[in-house]
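Thanks for asking me to look this one over. My notes are below, numbered so that you can reply point by point.

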Protein chains: 2
Amino acid sequence: MGYGIIEVNGQTVTMIVMEVLKLSGKKGNPERLQMIHQKVEELIKIYKPNEFAIEAPFFGKNVQSMLKLGRAQGVAIAAAMSAGLSVTEYSPKKVKQSITGNGNADKTQVWKMLKQLLVLKEQPHYFDATDALAVAVCHHFQMNSVIGNTVKGLKGWEDFIKKNPGRLVKK
Amino acid sequence: MGYGIIEVNGQTVTMIVMEVLKLSGKKGNPERLQMIHQKVEELIKIYKPNEFAIEAPFFGKNVQSMLKLGRAQGVAIAAAMSAGLSVTEYSPKKVKQSITGNGNADKTQVWKMLKQLLVLKEQPHYFDATDALAVAVCHHFQMNSVIGNTVKGLKGWEDFIKKNPGRLVKK
């Protein structure tokens, strides 16, 4: 499981962390899920994010691997929801398009663009981690474009609030 | 999502509840997941179960439906783990075999057997609910046979504790 955390200050986007959670040592499925759940809880406690986004792949090796991936995402989502975070999902195509302008870009192209956007010097060790960072940056772009009212189908703030009632701060 | 809760008192097994959570009114995936998470938390709070078991299907319509099912199971599993419950999974074949003696039994045969075992008079409204009840009864049988030392590969209590350290009450 890869994860990426970014900080947004006005126009400045900074990478806070980009890592993978290694699960190879854990044998049983429930133990793996527990590890993921605890890790996400821990990350939320440490970094106190305002948003949570996750990738929803449309293809997988087989139904079994997709069930496992879904469960892993489910325990991560549960940790986010328990912390009061809203959960947004993006298709891999949407993430790639958002970062590189090309929905069919490969992982190297996505990383190249991320390096430029976030002014990074390091080399990534795992593409699972860069994938996660890409989802975070995609979500940032998406939130900006939603607020900037450029998303297709939205007609002004009134419509945005109507379609996103949860984003309205009640007084 | 179907769920079933049973109570075991010595040799007596009683059905406490067998129900489905209707999700059709909820549109977005995250809202559905939140509903499932809250429902499972609520059920655990009300019925205070000692065990939690879930079905792990090996086939699905497509990878997308399996990802959704996996996520739904994931948030339910997270609720169970947060409550300190151990999580066990069974294949549908194992459940059917455990209840009817035939791993290829159909849902009607499983229900017929459950009715006998639990001395039920009611008619089920949803097979998702009877499926869940079947998992609960399967887990009960499985726990009994584990403790009864008939599971292949287990060599007495010492071996059981070694393989199930979480089931040992520490003093």
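1. Within chain A, 54% of the contacts with a separation of 6 or more come from residues that are 24 or more positions apart. Please keep in mind as you read that this is a predicted model.

2. On the layout of the chain: six helices and four strands make up the secondary structure of chain A. Their order along the sequence is β-β-α-β-α-β-α-α-α-α. Chain A has 171 residues, and 42% of them count as buried.

3. Next, the ion pairs. Over all chains, the structure holds six salt bridges. Inside chain A, A:Lys107 pairs with A:Asp131, with 2.5 Å between the closest N and O atoms. This salt bridge links distant parts of the chain, since A:Lys107 belongs to helix α4 (residues 107-118) and A:Asp131 to helix α5 (residues 127-147), 24 residues apart.

4. How exposed are the two partners in that pair? A:Lys107 is partly exposed, at 39% relative accessibility. A:Asp131, at 17%, counts as buried, because the cut-off for buried is under 20% relative accessible area.

5. A second salt bridge in chain A joins A:Glu42 and A:Lys39, whose closest N and O atoms are 3.8 Å apart. Both residues sit in helix α1 (residues 29-47) of chain A, with a spacing of three residues, or about one turn of the helix. A:Glu42 has a relative accessible area of 40%, so this residue counts as partly exposed.

6. Have a look at chain B for the corresponding positions. The side chains of B:Lys39 and B:Glu42 form a salt bridge at 3.8 Å, N to O. Helix α1 of chain B carries both B:Lys39 and B:Glu42, three residues apart, about one turn of the helix. B:Glu42 is partly exposed, with 40% relative accessible area.

7. Now to the place where the chains meet. Chain A and chain B each bring 30 residues to the contact. The area buried between chain B and chain A is about 2300 Å², and carbon and sulfur atoms give 64% of that area. On the chain B side, the residues losing the most area to chain A are B:Val63, B:Arg71 and B:Met81, which together make up 27% of what that side buries.

8. Which polar links cross between the chains? There are two salt bridges between chain B and chain A, and one of them brings the side chains of B:Glu89 and A:Arg71 together at 2.5 Å, N to O. Twelve residue pairs are in polar contact between chain B and chain A, both residues at pLDDT 80 or more.

9. Which elements of chain B build its side of the contact? Those giving two or more residues are α1 (29-47), β3 (52-55), α2 (63-82) and β4 (87-90). The most comes from α2(B), with 14 residues. Sorted by class, the side of chain B that touches chain A has 16 nonpolar, ten polar and four charged residues.

10. Last, the cysteines, in case you were wondering about disulfides. The count is zero disulfides over all chains. A:Cys138 has a relative accessible area of 0%, so this cysteine is buried. B:Cys138 is buried too, at 0% relative accessibility.

Technical notes
Residues are numbered from 1 along each chain as its sequence is written. Chains are lettered from A and ligands numbered from 1 in the order in which they are written. This is a predicted model: local features need pLDDT of at least 70, side-chain atom pairs count only at pLDDT 80 or more; totals for chains, interfaces and linings use all residues. Side-chain values use heavy atoms; hydrogens and water are left out. A disulfide is a pair of cysteine sulfur atoms within 2.5 Å. Buried means under 20% relative accessible area, exposed over 50%, partly exposed in between (1.4 Å probe, protein chains only). Contact means heavy atoms within 4.5 Å. Buried area is the accessible area (1.4 Å probe) that two parts lose on being put together, summed over both. A salt bridge is a side-chain nitrogen of Lys or Arg within 4 Å of a carboxyl oxygen of Asp or Glu. A polar contact is a pair of N or O atoms within 3.5 Å; within protein, one must be able to donate a hydrogen and the other to accept it, and residues adjacent in sequence count only if both atoms are side-chain atoms. Ala, Val, Leu, Ile, Met, Phe, Trp, Tyr, Cys and Pro count as nonpolar, Asp, Glu, Lys and Arg as charged, and the others, Gly among them, as polar.
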